[in-house]
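Here's a quick walk through one protein model, with a few spots worth pulling up in your viewer. Have the sequence to hand as you read.

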Amino acid sequence: MVINKTKPSVVIAGRVLPVVREHLEATTSVTQFEDLSGSNTQLLEKALQTAEGLLATASLTVTADLLDKAPQLKVISQPSVGVDNIDLAACSARKIPVGHTPGVLVEATADIAFGLLLSAARRIPESWNFVCSGAWGQGQSFPFGIDLYGKTLGIVGLGSIGVAVAKRAQASGLKIIYHNRHRRKDEDTVKATYVTFDELLAQSDFVLVMLPLTKESTHLFSAQQFAKMKRTAYLINAARGKVVDSDALYNALKAGEIAFAAMDVTDPEPLPADHKLLTLKNILVTPHIGSATHETRDVMARLAVKNLLEGLKGQTLPACANKEANF
Ligand code: DGY
């Protein structure tokens, strides 16, 4: 006897690697909306009415309202560690587990965070421009940077990515201080010294932001914090753009209250080419590429698929952002 069992319906909201769709299509019926603007919003909502799974991306905001339009939803999965675009409390209230991808992007993201620090300190982008513009050999002076060796890196939010950055920084002779809500028990192994937030701002030559975006961390870095930093300090943000108040950052950089900002994340994101931050010389911005390597994005995609498929079967998700709702 042939049992004709309908495949569960899954919505993919946004752009994902082809491997995601390929894997999902083997066992589910997939509807994808790459572009989430205009009339696609209504089409997406319509598709969600019968969807059992949602493969989300950061371009979709998942609110309680949207969840109410998706009464069959059993699981949400997103190929990222940060899920600040998803109302986790609303998902938990509806017993919908949210899969994410912690761990697998630690090394790639740490490379970008440290790469930004090094590039900014040693003026690598300006040096490249100097060569490309033909200024080299024309008697003009090239941009000098600053030493890393002997300086202090303050990490705000010393989690697994922060620890991986600390290792890279220690190899370059930087001393590590950090501030977390809860002091780490493994400070001796990590070789990082706990300080208060204000002490970190006052003592650091480089301040690295590695915090998840929450209500508490939104605009944690604003005019008051920049005023407490050294005038020679560099700010590096590889976490979420909204942890830093962009207007206050612009003012601090323009007034020379801090020396430089190197950021893989911005607010807004994408940062428009005519944004006032990009009129400054003392800034370096990359387009949120922390996890953007072939290997890392592939592993993230596969973990996101696994989370979704396990959720559809009512099984425990391998990595769940709202553990209270996990099966
Ligand atoms: C994440 O996974 O949260 C990274 O920022 C990449 O989006």
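Leaving aside its neighbours within four places in sequence, which residues is Thr 57 in contact with?

## Around Thr 57

Those partners are Ala 13, Gly 14, Arg 15, Val 16, Gln 78 and Asn 85. Keep in mind that this is a predicted model. Thr 57 itself sits in the loop that runs between strand E3 and helix H3, the latter covering residues 64–68.

Is Thr 57 buried or exposed? Its relative accessible area is 7%, and anything under 20% counts as buried, so Thr 57 falls on the buried side.

## The overall picture

Zooming out, the protein has 12 helices and 12 strands. How does its radius of gyration sit against the globule rule? For 327 residues a compact globule would come out near 20 Å, and the protein has 22 Å, so the two agree. Along the principal axes, the C-alpha trace spans about 80 × 50 × 35 Å.

On packing, 49% of the 327 residues count as buried. If you take the contacts with a separation of 6 or more, 57% of them link residues 24 or more positions apart.

## Surface and charge

The accessible surface adds up to about 16,600 Å², with 54% of that belonging to carbon and sulfur atoms. As for charge, there are 34 positive and 32 negative side chains. The centres of those two sets lie 2 Å apart.

## Helix H12

Next up is H12, a helix of 19 residues spanning 294–312. From first C-alpha to last it reaches 27 Å, close to the 27 Å expected at 1.5 Å a residue.

Which residues of H12 are buried? The list runs Thr 296, Met 300, Ala 301, Leu 303, Ala 304, Val 305, Asn 307, Leu 308, Glu 310, Gly 311 and Leu 312. Glu 310, then, is one of the buried residues here, and so is Asn 307. Their cover includes helices H1 (18–27) and H5 (106–121), along with strands E1 (9–13), E3 (53–55), E4 (75–77) and E5 (98–99). Just past the end of H12, Gly 314 takes a positive phi of about 75°.

## Two cis prolines in one loop

Now for some backbone geometry. Pro 268 lies in the loop between strand E11 (260–263) and strand E12 (283–285), and the peptide bond leading into Pro 268 from Asp 267 is cis, with omega near 10°.

Pro 270 is also in the loop between E11 and E12. Here the cis bond joins Glu 269 and Pro 270, and omega is about -5°.

## Histidines with positive phi

Two histidines are worth a look on a Ramachandran plot. His 219 has phi near 55°, a positive value in a residue other than glycine. You'll find His 219 in the loop between strand E9 (206–209) and helix H10 (223–228). With a relative accessible area of 36%, His 219 is partly exposed.

His 288 has a positive phi of about 55° too, although it is not a glycine. This one is found in the loop between E12 and H12. Is His 288 buried or partly exposed? Its relative accessibility is 28%, and the partly exposed class covers values between 20% and 50%, so His 288 counts as partly exposed.

Key
Residues numbered from 1 in each chain as written. Predicted model: local features only at pLDDT ≥ 70, side-chain atom pairs only at ≥ 80, totals over all residues. Heavy atoms only, no water. Helix = DSSP H or I, 4+ residues; strand = E, 2+ residues; numbered from the N terminus. Rg over C-alpha atoms; globule rule 2.2 N^0.38 Å. Buried < 20%, exposed > 50% of the residue type's maximum accessible area, 1.4 Å probe, protein only. Contact = heavy atoms within 4.5 Å. Areas by Shrake-Rupley, 256 points an atom, 1.4 Å probe, with all protein chains shown as cover. Lys, Arg positive; Asp, Glu negative; His and termini not counted. Charge placed at Lys NZ, Arg CZ, Asp CG, Glu CD. Expected span 1.5 Å × (residues − 1).
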